[in-house]
Structures are given as C-alpha cells and as structure tokens.
Amino acid sequence: MNRTQKTEFIDTYTDKLSRAKLAVLADYRGLDVNTLVEFRKKLTTGPATEFSIVKNTLFKRVVEGTPFEGLGEHLTGTNAILLGYDDVVESAK
C-alpha cells in the first residue's frame, strides 16, 4: 500500500467505525478461502454487517480515540473485523 491508499483506508474505516454499533475482532487463521467467502455471503443476507480483513498497524490508527479503542491491544496476528450497523444482537448472531 502506498501512502495515499493508507490514508484512504484510515479515512474509510474511521467513517465506518463512527457509524458502527458493534465491532468484533476475529482471528481467521486456519480458515480457507471458501469458508470465508461463504461466511461473507451469509452476512449479506442478514442485517447490515460487514466483514473485512484488516491490516493491524492501520486499524490501530483507526480505533484511536473511538469507543472501540480497546480493540487496539488485541490487534496482533491475523485479524478480521466484523462491523454491525443496525441491530447489535442480529449482527452478533
């Protein structure tokens, strides 16, 4: 990623996090691509949720100064973030 892409990533996810009611950090290590694709497909049929693989160093910048700042200490290894925008309970299911 070049500097412009990094800045765009930070801006995009800062906006997404400001609208999110739920943020769940997940270690996706050991899951194959097919499993991740199926999981994403199931999310599109449910409530407004989004599942993305994130770069730890950039996402640490995103969470600084937000209600989700506590996620920063857990950003090690392979991580993905699930953001829920509407019903927190349905997004968590």
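A residue is taken as buried when its relative accessible area is under 20%. By that cut-off, five of the five residues of β3 in this predicted model are buried, so the strand is largely enclosed by the rest of the structure. A helpful way to read the fold is therefore to start from β3 and work outwards.

The burial of β3 involves both of its faces. On one side lie Ala80, Leu82 and Gly84, and on the other Ile81 and Leu83, all of them buried. This arrangement can be set beside a general pattern: in a regular strand, side chains alternate between the two faces of the sheet.

Within the sheet, β3 has a partner on either hand. The sheet is open and three-stranded, with the order β1-β3-β2 and antiparallel pairing. Its edge strands, β1 and β2, each pair on one side only. On average, neighbouring strands are turned by 15° against each other, direction ignored. Strand β1, residues 22–26, runs antiparallel to β3 and is joined to it by five bridges. Here Leu25 stands opposite Ile81, and Val24 has Leu82 as its bridge partner. Strand β2, residues 49–53, likewise pairs with β3 in the antiparallel sense, over five bridges. On this side the bridge partner of Phe51 is Leu82, the residue that also partners Val24 of the other pairing.

Helix α1 lies across β1, β2 and β3, and it runs at about 45° to β3. The packing of α1 with α3 can be described in the usual terms, since two packed helices are described by the angle between their axes and the distance between the axes. For α1 and α3 the angle is about 45° and the axes are 9 Å apart; the two helices are therefore oblique to each other. The crossing of α1 past α3 is right-handed. From α1, the contact draws on Lys6, Phe9, Ile10, Tyr13, Thr14 and Leu17, while α3 contributes Leu58, Phe59, Arg61, Val62 and Val63.

These elements come together in the nonpolar interior. The largest nonpolar core has 17 residues, and those with the most contacts inside it are Phe9, Leu17, Phe59, Ile81 and Leu83. Two or more residues of this core are given by each of α1 (3–19), α3 (56–63) and β3 (80–84). Another core, of six residues, lies apart from it and includes Leu22, Leu36, Leu43 and Leu82. In soluble globular proteins, nonpolar side chains tend to be buried together.

Two residues of the largest core deserve a closer look. Phe59 is found in helix α3 and, at 0% relative accessibility, counts as buried. Beyond residues up to four places away in sequence, Phe59 touches Phe9, Tyr13, Leu17, Val54, Leu75 and Ile81. The C-alpha atoms of Phe59 and Leu71 are separated by 9.2 Å, the two residues being twelve apart along the chain. Ile81, for its part, is in contact with Tyr13, Ala23, Val24, Leu25, Glu50, Phe51, Ser52, Val54, Phe59 and Leu71, leaving aside its neighbours within four places in sequence. Tyr13 and Val54 thus appear in the contacts of Phe59 and in those of Ile81.

How values were computed: Residues are numbered from 1 along each chain as its sequence is written. This is a predicted model: local features need pLDDT of at least 70, side-chain atom pairs count only at pLDDT 80 or more; totals for chains, interfaces and linings use all residues. Side-chain values use heavy atoms; hydrogens and water are left out. A nonpolar core is a set of buried Ala, Val, Leu, Ile, Met, Phe, Trp, Tyr and Cys residues joined through side-chain atoms within 4.5 Å. Buried means under 20% relative accessible area, exposed over 50%, partly exposed in between (1.4 Å probe, protein chains only). Helices (H or I, at least four residues) and strands (E, at least two) are DSSP runs, numbered from the N terminus. Contact means heavy atoms within 4.5 Å. Two strands pair if DSSP finds at least two bridges between them. Axes are lines fitted to C-alpha atoms, for helices over the stretch in contact, and angles run from 0 to 180 degrees between N-to-C directions. Angles under 35 degrees count as roughly parallel, over 145 as roughly antiparallel, 65 to 115 as roughly perpendicular and the rest as oblique. A crossing is left-handed if the near helix is turned anticlockwise from the far one by less than a right angle, and right-handed if clockwise.
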